[in-house]
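Please open the structure in your viewer and keep the sequence panel beside it. The tour moves from the whole chain to single residues, with a selection to make at each stop.

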Amino acid sequence: EEIGFKRGIAGSMNNLGEIYHEQGHYFKALDHYQRGLKIMEEINDKNGIAEALNCIGRLYQDQDDFPKALNHYQRSLKIKEEISDKNGIAYSLTNIGSIYKNQGNHQKSINQCSKGLLLAQEIGAIAIQRDACKCLYDAYKASGNGNKALEYHEQMLALDDSLNAEET
């Protein structure tokens with residue numbers, strides 16, 4: 001703030017929001033996310049705006065406010081598409097699929113997560129692939145398709161192994 005570095009201020013607000021979010025202080029988290037978002041909008045940092053919208057979406061999802069979460073994820077996706085951020089697009093698609101799954105709309109969930117999975121495979125984003133497979137597993141299981149659920153569960157476990165090996 002002393003040097004007027006707005007992008008740094010916005011990033012710090014987002015980081016503080018993440019900490020409050022993880023601690024379960026949702027009101028404080030939302031306040032920091034929104035303050036960071038406002039600054040990103042002022043400086044027209046599209047990637048920063050999309051990231052802040054995604055964080056707010058996750059916050060609403062954790063509070064089971066699925067309509068608000070979906071709105072923020074969709075807004076983030078639109079920006080990620082505008083700036084051609086494939087990683088962000090794959091992540092947003094998977095998040096949107098997760099919301100549809102939580103709302104019981106399994107077909108929409110499968111459609112969105114399948115798109116996210118394909119893009120994540122294309123760019124080699126293992127963590128997003130795992131999240132998409134988890135979503136697909138849950139959606140297929142809930143819709144009664146045990147064979148497809150098992151297929152995605154096995155893929156999810158293999159990706160977990162890859163992530164664990166990478167971390168080690």
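The stops below begin with the overall fold and end with the cysteines.

**The whole chain**

Begin with the entire chain in cartoon view, bearing in mind that this is a predicted model. The cartoon should show 8 helices and 0 strands, so that the order of elements from the N terminus reads α-α-α-α-α-α-α-α. Turn the C-alpha trace along its principal axes, and its spans come to about 55 × 35 × 30 Å. The radius of gyration is 17 Å, which agrees with the value near 15 Å for a compact globule of 168 residues.

If you now switch to a surface, the chain exposes about 9100 Å², of which carbon and sulfur atoms supply 48%. Buried residues make up 44% of the 168 residues. Where contacts join residues at least 6 apart in sequence, 51% of them link residues at least 24 apart.

**Helix α1**

Next select residues 6-23, which form helix α1. This helix has 18 residues and reaches 26 Å from its first C-alpha to its last, close to the 26 Å expected at 1.5 Å a residue. Show side chains for Ile9, Ala10, Met13, Asn14, Gly17, Glu18 and His21, which are the buried residues of α1. Then add residues 26-42 and 46-62, since the cover over those buried residues includes α2 (26-42) and α3 (46-62). Just after α1, pick glycine 24, which takes a positive phi of about 85°.

**Glycine 17**

Return to α1 and centre the view on glycine 17, which lies within this helix. Is glycine 17 buried or exposed? Its relative accessible area is 0%, so glycine 17 counts as buried. Leaving aside residues up to four places away in sequence, glycine 17 touches Ala29, His32 and Tyr33. For a longer view across the model, draw a distance from glycine 17 to serine 98: the two are 81 residues apart in sequence and 22 Å apart in space, C-alpha to C-alpha.

**The cysteines**

Finally, select cysteine 133 and cysteine 135. Cysteine 133 is buried, because its relative accessibility is 0%, and cysteine 135 is likewise buried, at 4%. Which cysteine sulfur is closest to that of cysteine 133? It belongs to cysteine 113, and because the two sulfurs are 9.3 Å apart, they are too far from each other for a bond. A disulfide would need the sulfur atoms within 2.5 Å, and by this rule the count comes to 0 disulfides.

Notes:
Residues are numbered from 1 along each chain as its sequence is written. This is a predicted model: local features need pLDDT of at least 70, side-chain atom pairs count only at pLDDT 80 or more; totals for chains, interfaces and linings use all residues. Side-chain values use heavy atoms; hydrogens and water are left out. Helices (H or I, at least four residues) and strands (E, at least two) are DSSP runs, numbered from the N terminus. Buried means under 20% relative accessible area, exposed over 50%, partly exposed in between (1.4 Å probe, protein chains only). Contact means heavy atoms within 4.5 Å. The expected span of a helix is 1.5 Å times one less than its number of residues. The radius of gyration is taken over C-alpha atoms; the globule rule is 2.2 Å times the number of residues to the power 0.38. Accessible areas come from the Shrake-Rupley method with a 1.4 Å probe; for residues, only the protein chains shown count as cover.
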